[in-house]
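Welcome! Open your viewer, get comfortable, and follow along one selection at a time.

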Amino acid sequence: MLKKRLIPVLLLRNGVIVQSKGFKRYQSLGSPTAAVERLSSWAADELVYLDISPAPVYDLKRDDLNHPRFETIIDIIRLVAERCFMPLTFGGGIRSLDDIRQRLSAGADKVTLNTKAIDDPGFISAAAKEFGSQCVVVSIDAKRVEGGWEVYRGGRTPAGMAPAAWARRVQDLGAGEILLNSIDRDGSGTGYDLDLIGEVSGAVSLPLVALGGVGNWEHLEEGLRTRASAVAAANIFHYRENSVFDAKRHLYEKGHNVRKPLPLQGASRNL
Amino acid sequence: MTTGVVDYGSGNFASVWNAVAAVSGDVKRVARPEDLGGCSHVVLPGVGAFAAAMRKLEKTGILEALSAEAAAGRIQLLGICVGMQVLASRGLEFEECRGMGLVKGTVEAISVDRSRFALPHMGWNSLSDLGAAPLFRHMEGEPSFYFVHSFHLKCEDPDARSVFCEYGGVRVTAAVSKGNVHGVQFHPEKSQDNGLQLLRNFIAL
């Protein structure tokens, strides 16, 4: 039986992992790879890594952080892929088919498109044709407005579209999955925007990953009761050790259709 | 006991290499037919379409040598995803195409109701009725693996044994073994502990 997925999301901003609140405020959490080590227990079903750097600067030029030096997002993908035997999705800064090719050959399994998809919807089709729909995820950032929601470009500027209509369009264009994020709930810890998930998942047959607002494990359960195929969260997984394992165990013990979590063992996970 | 990983331009070579290297100290890149020399085990990765994979394998010259070594029982062979599919007699993706013919069968689209179930079949799915299949030793219950595919191998070989998962009411072929020839439709290199265990089991054959 196909399982529902639990997905930790890492946000990278100018070389450090950050927590985000409302797409506006960012708190630094440390090195790009230490966080991967913390989150990539056997309990995570997939890892989403989003680069939200305003400019492509990754090397902190600091040796005191005790992490491997890297200069590009490709270096980071390669490091993560070497140690992380699960599906990896990378997003941020993708503007060309060559950007996708580089990320996939460095070890990513999927990429997410946001700004480029809005500016040039035909790019979704081109990417799906070249690499297969299964590796093209379109991320949709939605914000509540009078009478519904609006899609935001890069999380910042209104794109003049409703998320359900945009989701249908990206499905028709050949996307393989939708990562739906609520700007209002981002960093709020008040739970998913369940109405938004219902609205968008009802409009498409594509798998949908819900993101934005998880403040406790019950919020993940609420997400699993919707038509979403996967529940994702970012900030909450940073607060304590073994958080992904604890979350997964909670969902498994409550009888949700998820993979049984196993504590970390075997191969070294040091990054 | 050298394990070769075939590099013929398949997109998942790096991931498969990383996973095999994590469980074995003796891994070798196989990019030309002569690289097969000294390999007791060979892993054949693969993503993309059936015919494209066959063409690439032919172009490197590995196809013929690999088929001969496997047919003669001189190596243990493990095909992954499209690397499994090309073990079959033929594939029907986009165009009918001959496969390596090591396992009698046809690679065809998963026949789910497309209005209700999306293709590709993507995500973690559990396998049942493993019996004593050697590739699945040391795994508890119904182990889950990571799948991404729209086609699967319908085996018609009386000497082969298949393992299945279920998707949209369809029995989907997840693994096949026939003597020294094995294939898995899922991605062990992306299936965490179960995936690494499967690779360990393969190398122990």
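Here is a short tour, stop by stop.

This is a predicted model, in which local features need pLDDT of at least 70 and side-chain atom pairs count only at pLDDT 80 or more, while totals for chains, interfaces and linings use all residues. Residues are numbered from 1 along each chain as its sequence is written, and chains are lettered from A and ligands numbered from 1 in the order in which they are written.

**Stop 1: the core.** Select A:V9, A:I178, A:L180, A:V209, A:A210 and A:A232, which have the most contacts inside the largest nonpolar core, a set of 150 residues. (Such a core consists of buried Ala, Val, Leu, Ile, Met, Phe, Trp, Tyr and Cys residues joined through C-beta atoms within 7 Å; buried means 20 or more other C-beta atoms within 10 Å of a residue's own, with C-beta atoms placed from the backbone.)

**Stop 2: where the chains meet.** Now show both chains: 25 residues of chain A are in contact with 24 of chain B (contact means C-beta atoms, placed from the backbone, within 7 Å). On chain A, α2 (73-83) and α3 (97-105) each supply at least two residues of the side touching chain B.

**Stop 3: a covered strand.** Select β13 (residues 181-184) of chain B (strands are DSSP E runs of at least two residues, and helices H or I runs of at least four, numbered from the N terminus). B:V181 and B:G183 on one side, and B:H182 and B:V184 on the other, are all buried.

**Stop 4: its partners.** Add β4 (residues 76-80) of chain B, which runs parallel to β13(B) and is joined to it by four bridges; B:I80 stands opposite B:V184. Then add β12 (residues 170-178) of chain B, antiparallel to β13(B) over four bridges (pairing requires at least two DSSP bridges).

Methods. Buried ≥ 20, exposed ≤ 12 C-beta atoms within 10 Å, placed from the backbone. Contact = placed C-beta atoms within 7 Å.
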